[in-house]
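User: Please take a close look at one part of this model. I would like a single connected account of one residue and the strands around it.

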Amino acid sequence: QVQLVESGGGLVQPGGSLRLSCAASGRTFSNHAMGWFRQAQGKEREFVAAMGWGTLHADSVKGRFTISRDNAKNTVYLQMNNLKPEDTAVYYCAADPRRYWDLRTYEYDYWGQGTQVTVSS
């Protein structure tokens, strides 16, 4: 059974940093696209970043967030720097083997439960 478990969320001041982790289990994920999405209260879920054959970051986080992965640990990370209040959301990890070569399609088969990130002074 596939499981994705996010961690690393919390409360941070504007300009601060956080690193989210997503531990995957249940299969080998090296040939899966791994993605990060977020959903702010009252808003639709939006794409943040993905990693498969390459990497892709949303324009809103480019230059501030960086996705990376450690295939040996089946873990994907999201390093978030220079956080802004508008980054406040629940962040979700996702995985899908179909997206490895198609990072611009955001329908994923597997999802984690999410971790809350709050940026506030």
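Analyst: Strand 7 and strand 8 make a hairpin, with 4 residues between the two strands. Asparagine 74 sits in that turn and has a positive phi of about 50°. Keep in mind that this is a predicted model.

The two arms of the hairpin run antiparallel. Strand 7 covers residues 65-70, and 6 bridges join it to strand 8. One of the pairs is phenylalanine 65 with methionine 80 of strand 8.

Strand 8 spans residues 75-80, and threonine 75 belongs to it. Strand 8 has another partner in strand 3, residues 18-25. That pairing is also antiparallel and has 6 bridges. Here alanine 23 has threonine 75 as its bridge partner.

Now the residue itself. Is threonine 75 buried or exposed? Its relative accessible area is 11%. The cut-off for buried is under 20%, so threonine 75 counts as buried. The strand as a whole tells a similar story: 5 of the 6 residues of strand 8 are buried, so the rest of the structure largely encloses it.

What does threonine 75 touch, leaving out residues up to four places away in sequence? The contacts are Ser21, Cys22, Ala23, Ser68, Arg69 and Asp70. Ser21, Cys22 and Ala23 fall within strand 3 (residues 18-25). Ser68, Arg69 and Asp70 fall within strand 7 (residues 65-70).

The side chain of threonine 75 also has a polar partner. One of its polar atoms lies 2.9 Å from the backbone oxygen of lysine 73.

Definitions and conventions
Residues are numbered from 1 along each chain as its sequence is written. This is a predicted model: local features need pLDDT of at least 70, side-chain atom pairs count only at pLDDT 80 or more; totals for chains, interfaces and linings use all residues. Side-chain values use heavy atoms; hydrogens and water are left out. Buried means under 20% relative accessible area, exposed over 50%, partly exposed in between (1.4 Å probe, protein chains only). A polar contact is a pair of N or O atoms within 3.5 Å; within protein, one must be able to donate a hydrogen and the other to accept it, and residues adjacent in sequence count only if both atoms are side-chain atoms. Contact means heavy atoms within 4.5 Å. Two strands pair if DSSP finds at least two bridges between them.
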